[in-house]
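Colleague: Please take a close look at one helix pair in this model. How do the two helices cross, and which residues make the contact?

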Amino acid sequence: SVLSGASATPVYAKPAAAFAHMRNIETFGKLQGAVLSSITDMGTYFVTTGYNRMPYFDALTNLGRAAGKQDREFLNAHGLLAESMISDLNRWSGEHLAANWSGRIGNATMRLSLMNAWTDTMRRGFQMTMMQALGRMQKTDWASLSEWDRYRMENKGLTADDWALIQQAAPVNYRGSDMVTPDAIYATNDPRAGEVVAKYIGLIADESEIAVLNPDLTTRAIATGGGRQAGTVGGETARAVMQFKSFPIAMISRHWRRMLDTPQGMEGAPVTANRLAYSGALMVSLTALGAIAFQTKQMVSGKDPVDMTTPKFWTRALAQGGGLGFMGDMLLQDTSDDRSPLDTLGRSLLGPSFGSLADAYELIKGNADELAAGKKTNAGAELIRFGRSH
C-alpha cells in the first residue's frame, strides 16, 4: 500500500488535510535546527564507506567536492541524486509536505536551515565515491571478484549476467577516474540495458541512503501504522504518533538489521563486516558526534553546556547520535522541566501533535484556574514560549 501510494490516498479528504496541516506546523515549528543533529551523518557515512570497501580518502575528498556545481550537475545528469525534498522530509517527519500553505513553509524551512544542502552534499559525495569504486572493479570478471563484492551486488539484485553487461559499457573519465554511467550501459544497445541500469542505480542510491540515513520502505510502512490509509482514524493517528520517529526507526531498520544479517567470515570482507566491529564503529563515532550535536543544540537554545563528566551526559549523547533522540527525551528529560516523568513519556510516545495540544490545554486551563483563584499568571511568557515552539 505504501509503495503503490494507496495508503497516501485519503478516504476523507478534509480531515486528512487538517491533520496534514497539523503535522506540517510541527515540522516547520520544531525542525529549524535539524541540521545541527545531522552532524551524526558523518558517522554513518564513513561506516558505510568502510563496509563497501571504498577508500576513506576518496570519500573525504569527494565530500569536499560535492558542494560544487560541477559534481551536482554530473550526478543529476545521470539520475543518481534522489529528489532532495522527498528524502530530507522523509528522514525526519516520515511525510511528504503537500503544496499547501503549511507545506510550503515546511519546504522553505528545510531549505533555509541548510538541511537540504547538507544532505544532498553528503549523498553526492558518497555516490561519487561508489561510482569510482565500481569503475575500478569493472575490469574484473565476476568469477575473479571477491566473495564479498559478489555478495554486495547479489544482495541488490545484480547477477553475473548483469555484471558482464556492465563490463561491456565504455567508462566515462571524470576527475581522473573511470566511471560506469547509466548512459554508458544504455549505449551497449543490449535489450536488458534498462533492467541493468535500474539495478545499478538502485545499488548506488540505496547505499547512499544508508550512508546518509533515509527511511526505507519498511520504515515508511511502520510510520503509517502498517500502511493504513490517510483520512481514517487509524491512519491519521498512526501518522501523528510516528511523526519524527522515522529517523530512529530507519537506524534500526537499515544499520542494525544490516549488522545482524551480514554473513560472517566471507573472503575479501572488510573489518566492518564483522558484527562486533560494525556495532563498535557505529557506537563510538555516533556517540562522539552525538555529544557535539547535543552540546551545540544546548547553546543554540540559550542553555549552558551540560557537564560532560556525568554518565547521564554520555547516555544522552549515545541516544542523540544513535538516532534515538526521542528515547533520550523519555528517559533523560531536562531537570529544569517541571513536567512529571509520566507526562514526558506520554508526550514522547504519542508524538509532537499530541504534545502541542496538551501544551495548548495547559496554557488555557492553567491560566484560567490561576486567574479564578486570584493568583498571578504568567500567560504572556507562556504564550510566547508556546508560539516560539511553533
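Modeller: Helix 4 and helix 8 cross in a right-handed manner (a crossing is right-handed if the near helix is turned clockwise from the far one by less than a right angle, and left-handed if anticlockwise). This is a predicted model, in which local features need pLDDT of at least 70 and side-chain atom pairs count only at pLDDT 80 or more, while totals for chains, interfaces and linings use all residues. Residues are numbered from 1 along each chain as its sequence is written, and side-chain values use heavy atoms, with hydrogens and water left out.

Helix 4 covers residues 56-65 and helix 8 residues 115-137; helices are DSSP runs (H or I, at least four residues), numbered from the N terminus. Their axes are 8 Å apart and the packing angle is about 135°, with axes fitted to C-alpha atoms over the stretch in contact and angles running from 0 to 180 degrees between N-to-C directions. That makes helix 4 oblique to helix 8 (angles under 35 degrees count as roughly parallel, over 145 as roughly antiparallel, 65 to 115 as roughly perpendicular and the rest as oblique).

On the helix 4 side, D58, A59, N62 and L63 take part; they meet T121, M122, G125, M128, T129, Q132 and R136 of helix 8, contact meaning heavy atoms within 4.5 Å. Sorted by class, this contact has four nonpolar, five polar and two charged residues (Ala, Val, Leu, Ile, Met, Phe, Trp, Tyr, Cys and Pro count as nonpolar, Asp, Glu, Lys and Arg as charged, and the others, Gly among them, as polar).

Elsewhere, Q168 lies in helix 10 (residues 160-168). Q168 counts as exposed because its relative accessibility is 53% (exposed is over 50%, buried under 20%, partly exposed in between, with a 1.4 Å probe and protein chains only).

How values were computed
Helices (H or I, at least four residues) and strands (E, at least two) are DSSP runs, numbered from the N terminus.
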